[in-house]
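Let us take a friendly walk through a structure with two chains to explore. Keep the picture in view as you read, and pause at each residue to find it for yourself.

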Amino acid sequence: MTLVWLGRISIYLACFAALGGIGAQVLTLRRGTPSRALLWSVVSLVGVASAFVVMEFAFVTHNFSLAYVAENNATFTPLLYSLTGVWSALEGSILLWSLVLGGLLSAVVVRYRREASDPVVVWATLVMFVVAAFFLLVMAGPADPFVHNPAHVLQGQGPNALLQDNILVAIHPPLLYTGFVGFTVPFAFAIAMLATGRVHERWPLEQRHWTVLAWGALSVGIVLGSWWSYQVLGWGGFWGWDPVENAALLPWLTATAYIHSVVVQDRRGLFRVWNLSLAVATFALTILGTFFTRSGVLQSVHAFASSTLGPVLISFFFVTVGLGVALIAWRGDALRTATGVEHPLSREGLFVANNIVFVGFAIVVLLGTVFPLLYQAINGVQVTVGTPYFAAIAGPAGIFLLALMAVAPVVPWRSVSGATTWSRIRTTAWVSLATTVVLLLAGVHHWPVLVAVFLAVAAAGAATRTLVGVVQAARQRGDLWSAWRAPSTAGMVVHLGVVLLAIGIVVSTSYTSRSEVTLASGQRTVVGGQTIGFGGFAQVSNALEHQTQLVVTVGGRTIRPAITTFNGRSSQSVGTPAIDSNLLRDVYVTFDAIGQNSSVSGAQVQTGVAAGSVVLGVTVEPLLAWLWIGGLFIGFGSALSMGRRRHRDEVGQ
Amino acid sequence: MKRSIALGALATLLVVGALSWFLLTRQPISASSVQSPLLGKVAPAVSGAELGGGTFSLAAHRGDVVVVNFWSSWCEPCKQEAPNLSTFAWQQRAHKVFVIGVVFNDTVASAETFARYYGSLYPSVIDAQGAIAFHYGVTSPPTTFVINAKGIVAATLVGPTTVAQLTQVVNRVAQ
């Protein structure tokens with residue numbers, strides 16, 4: 001009971017501080033009183049952080065007097081999954097969301113404390129206070145995490161089985177939330193710039209900085225999510241165009257468009273209204289995504305929580321877009337520039353092409369996600385929009401983006417000289433062609449792979465060429481380390497990551513080989529070029545689960561696919577795949593069935609298979625590991641951009 | 001120039017407004033409750049081997065509210081409702097409510113893959129000859145029967161069901 005009130009009082013304090021911050025910022029705007037944002041933001045952060053600590057404490061001590069703990073924790077839940085259990089359902093997720101938002105709000109206030117009375121900063125923090133107040137009020141009302149549980153619970157229910165099977169539950173959701181919540185900052189600055197009409201100063205660059213931070217977290221979060229489902233779900237895939245996956249992808253697409261087009265604004269002063277629209281759209285899509293995840297309107301494999309928050313979220317979405325659109329309509333003309341893109345094949349022209357692809361793809365994904373609802377509303381029949389629809393667009397869009405990445409980084413601004421451009425891409429073009437011919441001679445005849453590899457090598461060449469130029473310039477200055485902080489370094493490292501990711505995706509999906517093999521103990525066989533051996537059974541038990549493992553050798557290495565039975569739920573079991581991964585290929589092995597007259601808890605018995613034999617599902621996917629390595633590069637590049645130096649001719653008045 | 005921004009803003013607002021209104025008025029997807037001839041009758045037997053080993057018998061669950069869900073791995077709406085059934089089974093497992101799947105018109109291998117893909121948290125009986133489905137009059141999956149503690153069929157739901165709907169029906173039946 002104490003915890004209930006400790007938690008609630010913390011939430012109320014945070015709520016009060018956020019509302020106080022709103023009032024203080026409005027006063028500062030109207031009367032010019034000194035800003036008190038620092039005080040209010042820190043008090044709000046302290047409140048929400050205390051609430052979070054109370055919740056963590058309740059989980060770690062298995063305090064079932066909180067209903068949320070009783071539903072998502074059990075006495076036998078290990079410490080790690082007790083800690084992560086806090087965000088395994090709706091109320092705790094919003095608590096984590098508010099904590100990240102409170103931290104970001106304080107970070108913004110502290111970073112601009114010397115300009116705390118600048119109207120742009122006042123407006124931006126005001127907007128962030130409003131967003132923070134919205135989520136805190138949601139917790140004070142409809143999604144209260146601190147509901148008392150009167151029943152005497154002995155053991156608790158434990159988290160959803162899928163949420164206590166992998167350490168990534170500690171990393172993937174917080175990163176994803178950091179990405180989602182992080183887009184509040186560029187949105188706040190967009191509103192601030194629209195309200196004050198000041199888009200010509202350093203604020204767009206500051207805005208980009210925060211966007212890249214959120215974008216990096218979201219990118220790594222998405223890749224880790226794919227990695228998680230790849231390891232856990234047992235079908236060897238990493239992306240399923242599930243509505244919740246789409247919800248994370250939508251703001252990522254518009255943010256990627258924004259990160260590119262704002263560069264044109266810095267260098268040429270163009271696209272101001274467009275960039276502000278993208279910042280608003282990105283934030284609005286995070287709210288819409290949260291609606292898709294939490295409303296229960298769309299069905300998905302991520303149905304860990306559905307709630308009554310739908311109407312609240314969709315109203316907030318509409319208000320957000322409405323506010324942005326109204327401000328743009330009111331202020332838009334004053335922000336426009338008289339000049340435009342002079343040549344479609346100049347650098348800025350190619351940025352336009354990039355934006356068309358990203359935004360177009362976002363629209364296609366949004367349509368595909370909402371379409372089942374529209375169709376049902378009109379025809380009364382339920383349909384699902386599956387991978388073929390999305391893949392039909394994702395393939396060409398990906399190819400086009402690789403082509404842009406191969407050319408855009410080396411094309412000059414404003415004007416176009418065919419000779420200059422050709423001289424810059426000549427070497428990489430020949431290398432790409434040579435690589436493609438070698439692959440062709442080596443027996444690769446799948447044309448999407450050939451095209452993708454050709455363009456990927458060219459894109460890597462363009463990025464490498466830029467990086468070499470940066471290093472040479474740094475060496476001439478006698479300060480080689482400054483290359484890390486050069487304006488183009490971070491972006492080109494991310495490009496290299498995207499190239500690796502693209503190659504991983506294209507090659508692994510084009511050359512996947514799936515098969516089932518039946519092996520007796522001590523037998524081995526060759527599948528998809530891999531020697532697979534079966535060495536017998538092993539039983540492993542702990543407080544959380546019981547596993548029947550198979551000792552399987554791939555080449556000389558041993559992996560252990562298993563069937564796992566979790567404690568605390570009915571006797572149903574899940575398959576736990578095992579993966580032997582190296583830089584050339586992944587071998588993904590699942591325990592599919594056992595032979596007759598065998599008894600292994602949870603395992604399927606297959607007739608026609610001898611006793612003591614097992615049926616293994618073996619999937620061989622070449623170059624899959626590069627997908628995760630590409631993700632690492634993207635994260636590293638995003639981190640680099642935090643220390644980025646400004647371009648010499650970037651605007652600054 | 002001036003008009004294009006205002007018009008663009010208006011158009012955006014209209015589209016987003018329509019989308020918001022549309023989403024606001026959506027109900028969480030759920031099945032329709034139908035008057036089947038089995039309502040109020042003693043539930044036909046459900047027994048046999050489970051996917052992944054073990055056996056099940058409905059008779060052994062007298063005293064529990066049992067949710068019997070007929071499904072097949074090739075059925076698209078079944079894919080939609082599978083996570084809901086898992087969530088529901090998970091939520092209710094301490095409340096004398098039992099969820100059992102009956103998989104019919106299917107191969108064991110693909111049913112097994114389906115259950116693994118969706119991380120099913122409830123067992124399923126293999127209705128190899130379609131006999132259970134025949135006695136329940138089920139022709140197309142998904143169809144769900146809710147059987148009360150006395151073994152009487154209390155509700156029939158045709159189409160993919162949801163956690164909210166199942167919770168509502170089960171609460172009504174339990175009273």
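Chain A contains 18 helices and 10 strands. Bear in mind that everything here describes a predicted model. How does the spread of chain A compare with that of a compact globule of 653 residues? Such a globule would have a radius of gyration near 26 Å, and chain A, at 27 Å, agrees with that. Along the principal axes, the C-alpha atoms of chain A fill a box of roughly 80 × 70 × 60 Å.

Chain B has 5 helices and 8 strands. If you follow chain B from the N terminus, the elements come in the order α-β-β-β-β-α-β-α-β-α-β-β-α. Here the globule comparison turns out another way: a compact globule of 175 residues would have a radius of gyration near 16 Å, but chain B has 20 Å. The box filled by the C-alpha atoms of chain B is roughly 75 × 40 × 30 Å along the principal axes.

The table puts some overall values for the two chains side by side.

| Property | Chain A | Chain B |
|---|---|---|
| Buried residues | chain A: 57% of 653 residues | chain B: 54% of 175 residues |
| Share of contacts with a separation of 6 or more that join residues 24 or more positions apart | chain A: 72% | chain B: 74% |
| Accessible surface | chain A: about 25700 Å² | chain B: about 7900 Å² |
| Part of the accessible surface belonging to carbon and sulfur atoms | chain A: 67% | chain B: 61% |

**Two helices side by side**

Now find helix α6 (residues 119-140) and helix α12 (residues 310-335), both in chain A. Their axes come within 12 Å and cross at roughly 170°. Are these helices roughly parallel or roughly antiparallel? Angles over 145 degrees count as roughly antiparallel, and α6(A) and α12(A) are therefore roughly antiparallel to each other. On the α6(A) side, the contact is made by V131(A), F134(A) and V138(A). On the α12(A) side, V312(A), L313(A) and F316(A) take part. What kinds of residue make up this contact? There are 6 nonpolar residues, with no polar and no charged ones.

Stay with helix α12 of chain A for a moment, as P311(A) is also placed there. P311(A) is partly exposed, with a relative accessible area of 43%. Another residue to look for is F291(A), which is 20 residues from P311(A) in sequence and 8.6 Å from P311(A) in space, C-alpha to C-alpha.

**A buried leucine in chain A**

Move on to L501(A), which sits in helix α17 (residues 489-510) of chain A. Is L501(A) buried or exposed? Its relative accessible area is 18%, so L501(A) counts as buried, the limit for that label being under 20%. Which residues touch L501(A), if we set aside neighbours within four places in sequence? The contacts are with V223(A), W626(A), L627(A), G630(A) and G631(A). For a sense of scale, the C-alpha atoms of L501(A) and V609(A) are separated by 40 Å, with their positions 108 residues apart along the chain.

**Positive phi angles**

Next, look at the backbone of L623(A), in the loop between β10 (614-622) and α18 (625-640) of chain A. Although L623(A) is not a glycine, its phi is positive, at about 60°.

Chain B offers a similar case to look up. K96(B), a residue other than glycine, has a positive phi near 55°. You can find K96(B) in the loop between α2 (76-92) and β5 (97-103) of chain B. With a relative accessible area of 56%, K96(B) is exposed.

**One more stop in chain B**

Finally, locate L121(B), in the loop between α3 (108-117) and β6 (124-126) of chain B. Is this loop residue, L121(B), buried or exposed? L121(B) is buried, with a relative accessible area of 6%. Between L121(B) and S57(B), which lie 64 residues apart along the chain, the C-alpha atoms are separated by 18 Å.

Definitions and conventions:
Residues numbered from 1 in each chain as written. Chains lettered and ligands numbered in written order. Predicted model: local features only at pLDDT ≥ 70, side-chain atom pairs only at ≥ 80, totals over all residues. Heavy atoms only, no water. Axes fitted to C-alpha atoms, helices over the stretch in contact; angles between N-to-C directions. Helix = DSSP H or I, 4+ residues; strand = E, 2+ residues; numbered from the N terminus. Parallel < 35°, antiparallel > 145°, perpendicular 65-115°, else oblique. Contact = heavy atoms within 4.5 Å. Nonpolar A, V, L, I, M, F, W, Y, C, P; charged D, E, K, R; others polar. Buried < 20%, exposed > 50% of the residue type's maximum accessible area, 1.4 Å probe, protein only. Rg over C-alpha atoms; globule rule 2.2 N^0.38 Å. Areas by Shrake-Rupley, 256 points an atom, 1.4 Å probe, with all protein chains shown as cover.
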